[in-house]
Amino acid sequence: MSRQVIDIDVPDLTGRRAVVTGASDGIGLGIAMRLAAAGAEVVMPVRNPRKGEGAVARIRERTPGANVSLRALDLSSLASVAELGESLLDEDRPIHLLVNNAGVMTPPDRQTTADGFELQFGTNHLGHFALVSHLLPLLRAGRARVTSQVSIAANSNAINWDDLNWERSYNGMRAYSQSKIAFGLFGLELDRRSRAAGWGITSNLSHPGVAPTSLLAARPEVGRAKDTLGVRLIRTLSARGVIVGTVRTAQLPALYAATSPEATGGGFYGPSGIGHLGGRSAEQKLYSRLRSAEEAQRVWRISEELVGVHSPG
């Protein structure tokens, strides 16, 4: 079955500095490739230097002369996040685009970060929260667009307020949903705070739909020795052009949210096909679990306490 070509136009980004987390493979690498091809300087903070070097080589093969560079970052370590923040602050160069894309999904058994947080909550949400907090002066200087990648999982389950770290009982999918709900609430609260305080930052959300990425594939680092049944099914559907997207189309909502003049602060962008699993990128109705400003403020306060980094305002 032939698949309809789906794409977006990325504007000229010459002179813009972009930071993309999770850019060593999959959706993040695709985003970094497109930003570099549009002329942006792309900073790629990665956990695995060898994978990062391979990603840089692929970008430069596609776009000779691309301005890309690696930095070290392990989002599951607040010390690593702080080190990256200090390094970029020392460079003292404004950041114009930040795409918070990295994440982990459904370890079969409960795991914790270097700081003792449940791995998904600590990596997907708290790591990015701390990163934004550290980089806030550079984001303000660049009047940045911040795009945070959530998931269709943010449309189900809830934040486990009484046991944020899932110490009493662990359910991988519910914990993943929690991490993405908290992350989405944070992204929207960032936009509200920026508007109220005049930071000049616009913050929005994207989700990639469903595509055959490495999130559900074999990942020994999260205790998954082989591909899940889910990712095998997704690969089959994607290859046949049925319902779900591809790794290439899954990158488009975040690209649109991060670069389009039409994308707005507080907006939510994702695929517009059946069930929002694939298809063209479009603005979407905000998930019910992301609509409460009170819960967003609660997430922000608790996150500040947990990571020990406080933002003005």
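Helices and strands, in what follows, are DSSP runs numbered from the N terminus, with at least four residues for a helix and at least two for a strand. With that convention in place, I should state that the model before you is a predicted one.

Allow me to start with the loop between β5, residues 145-149, and α5, where N157 lies. Although N157 is not a glycine, its phi is positive, at about 65°. The loop between β5 and α5 also holds W166. For W166, again not a glycine, phi is positive at about 55°.

Are these residues buried or exposed? W166 has a relative accessible area of 7% and is therefore buried, because the cut-off for burial is under 20%. N157, with 21%, is partly exposed.

I turn now to the interior. The largest nonpolar core comprises 47 residues, and L139, I159 and F186 are those with the most contacts inside it. Which helices each supply at least two residues of this core? They are α3, α4 (119-141), α5 (172-197) and α9 (293-307). Of the contributions to this core, that of α4 is the greatest, at ten residues.

Finally, the surface. Helix α3, which spans residues 78-91, contains E83. E83 counts as exposed because its relative accessibility is 54%, and the threshold for that class is over 50%. On the surface, E83 joins E86, D90 and D92 in a patch of negative charge. Helix α3 thus appears twice in this account: it supplies at least two residues of the largest nonpolar core, and it carries E83, one of the residues of the negative patch.

Key:
Residues numbered from 1 in each chain as written. Predicted model: local features only at pLDDT ≥ 70, side-chain atom pairs only at ≥ 80, totals over all residues. Heavy atoms only, no water. Patch = residues over 30% accessible without salt bridge, like charges linked within 9 Å, V, L, I, M, F, W, Y side chains within 5 Å. Areas by Shrake-Rupley, 256 points an atom, 1.4 Å probe, with all protein chains shown as cover. Salt bridge = Lys/Arg side-chain N within 4 Å of Asp/Glu carboxyl O. Lys, Arg positive; Asp, Glu negative; His and termini not counted. Charge placed at Lys NZ, Arg CZ, Asp CG, Glu CD. Buried < 20%, exposed > 50% of the residue type's maximum accessible area, 1.4 Å probe, protein only. Core = buried A, V, L, I, M, F, W, Y, C linked by side-chain atoms within 4.5 Å.
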